[in-house]
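Here are a few notes to help you find your way around this one. Have the viewer open and follow along point by point.

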Amino acid sequence: TTKKLWGGRFTETGSAQTDTFGASIEFDQLMAAEDLEGSLAHVEMLRDTHILTPKDAEQIIQGLHHLQQQLAAGQLQFDVANEDIHMNIESLLTQEIGPVAGKLHTARSRNDQVATDFHLYLKKRLPQVIQAIKNLQTVLVNLAEANVETIMPGYTHLQHAQPISYGHYLMAYFDMLQRDIERFQFNQKHTNLSPLGAAALAGTTFPIDRQQTAQRLGFTCPYSNSIDAVSDRDFALEFLSNAALLMVHLSRLCEEIVLWTTYEFNYLELSDEYATGSSIMPQKKNPDFAELIRGKSGRVFGHLMALLTVMKALPLAYDKDLQEDKEGVFDTVKTIIPCLTVLAGMLQTAKIKTANMAQATTRDFSNATELADYLAVKGIPFRQAHAIVGQLVLEGLKTGVTLQEIPLAKYQALLPDIGEDVYQDLQAKTAVQRRQSFGGTSFQQVKQQIARARQLLNAD
Ligand code: ARG
């Protein structure tokens, strides 16, 4: 095995086994573009602060530009003997321009370098994640708008509770996703700090300009403490935690899609593109992709737990344990964006069986609260009204008579004040319409939710 860039104080080379074990190039090559970007900012700063001569700096800049072109063309070859992306790039640069390449690492350590690359990597992906969430939100708002007046049973304990607007239900997911966006936006604030110039941990004796490199790389400002700069992975943990919560939301929605496409519920039918068949049962139309999104929540939760565990007793500053920070984050990005995109397409193309949804509210007792409310308005204490209606439900379940089918005479025997208008109140649509409290399920309130949502979507 070849001599290492750091091999000065070593008399023997490592083994192929330990080279491979310690290497991260297999996965951190995903940050090759960021590494080159960081190096360009660094060398320009070294030139501007007269730490390097313009001539040396120019050679290095040309070399880095050439590597950027080769990377874009897919022509860069990495070698596991060079351990990680940073030393692979330095070694490739040396092949390009000779020993002057060695001046690039002046006033820099791989510790601030890797942290910078990782920040840059996430900084680029966060807007993509936020955009993918917004696209799903747009699908939800459009569906909600088309289904303000689609009546369905609302559930608690998965038992019929009260009738709701399907649009209202969809907007609940919009709001969850809005909080996800806000969390990722907050995450951007902490990802927007530049570790570059922290060097190994203590800063450097060279007169570097951390403000300049931070600005050149699009960061808000440099980390204010060099030890924190190379040790901090909060931005990655925040990302994983935000992604885990996002996946909780997607998984709940997918669970309902799986449930609602069953023969028993039959509220939704997936388009052929978003369903699969069975190799043995010809009749099958399976919601595989909803299940897969639900299942993929597991790996994202796992990545969060893994990094929390890596970090929890790590002494300051850099420790090689930190090399374990990247794969989970990369995999999370690779997981959540397609989950969001596939789910958006799935929802957009699914057939909503509005008749079945409405039908499910016609012969159930999800209007029992309406009757209790009606009695309460007539002056019966709500607790007593609840008991009276409970008795009627019990009887109805035995005899197969719904609350709408109880004759007026019987109602009036209970309370002479009850009028014909009780039947109006007992209709599911009326039950929905009358829930006009802020954030409630009335058509008017749902329309207002949709209007507020559209404002948020158009905000930037
Ligand atoms: N490959 C390393 C990582 O991912 C880069 C930093 C190595 N620094 C060091 N002092 N060994 O963390």
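**Notes on the model**

1. Keep in mind that this is a predicted model. A good place to look first is the hairpin made by strand 1 and strand 2, which has 2 residues between the strands. In that turn, His-157 shows a positive phi of about 60°.

2. The two strands of the hairpin, residues 151-156 and residues 159-165, run antiparallel and are paired over 6 bridges. If you want one pair to click on, take Pro-153, whose bridge partner in strand 2 is Pro-163.

3. Now zoom out. The domain assignment splits the protein into domain 1 (7-106), domain 2 (111-205 + 220-359) and domain 3 (368-458). Between the C-alpha centres of domain 1 and domain 2 there are 34 Å.

4. Where do domain 1 and domain 2 touch? The contact involves 11 residues of domain 1 and 12 residues of domain 2. On the domain 1 side, helix 2 (25-28) and helix 3 (32-48) are the elements that give two or more residues, and helix 3 gives the most, with 5. By class, that side has 3 nonpolar, 4 polar and 4 charged residues.

5. Which residues surround the ligand? Among them are Ser-24, Asp-28, Asp-84, Arg-110, Asn-111 and Tyr-318. Helix 6 (residues 110-146) gives the most to this shell, with 3 residues. Sorted by class, the shell has 3 nonpolar, 3 polar and 4 charged residues.

6. Last, the ligand's position: domain 1 and domain 2 both give residues to the shell around the ligand, so the ligand lies between these two domains.

Note on methods:
Residues numbered from 1 in each chain as written. Predicted model: local features only at pLDDT ≥ 70, side-chain atom pairs only at ≥ 80, totals over all residues. Near = placed C-beta within 6 Å. Helix = DSSP H or I, 4+ residues; strand = E, 2+ residues; numbered from the N terminus. Nonpolar A, V, L, I, M, F, W, Y, C, P; charged D, E, K, R; others polar. Domains from an automatic or database assignment. Pairing = 2+ DSSP bridges. Contact = placed C-beta atoms within 7 Å.
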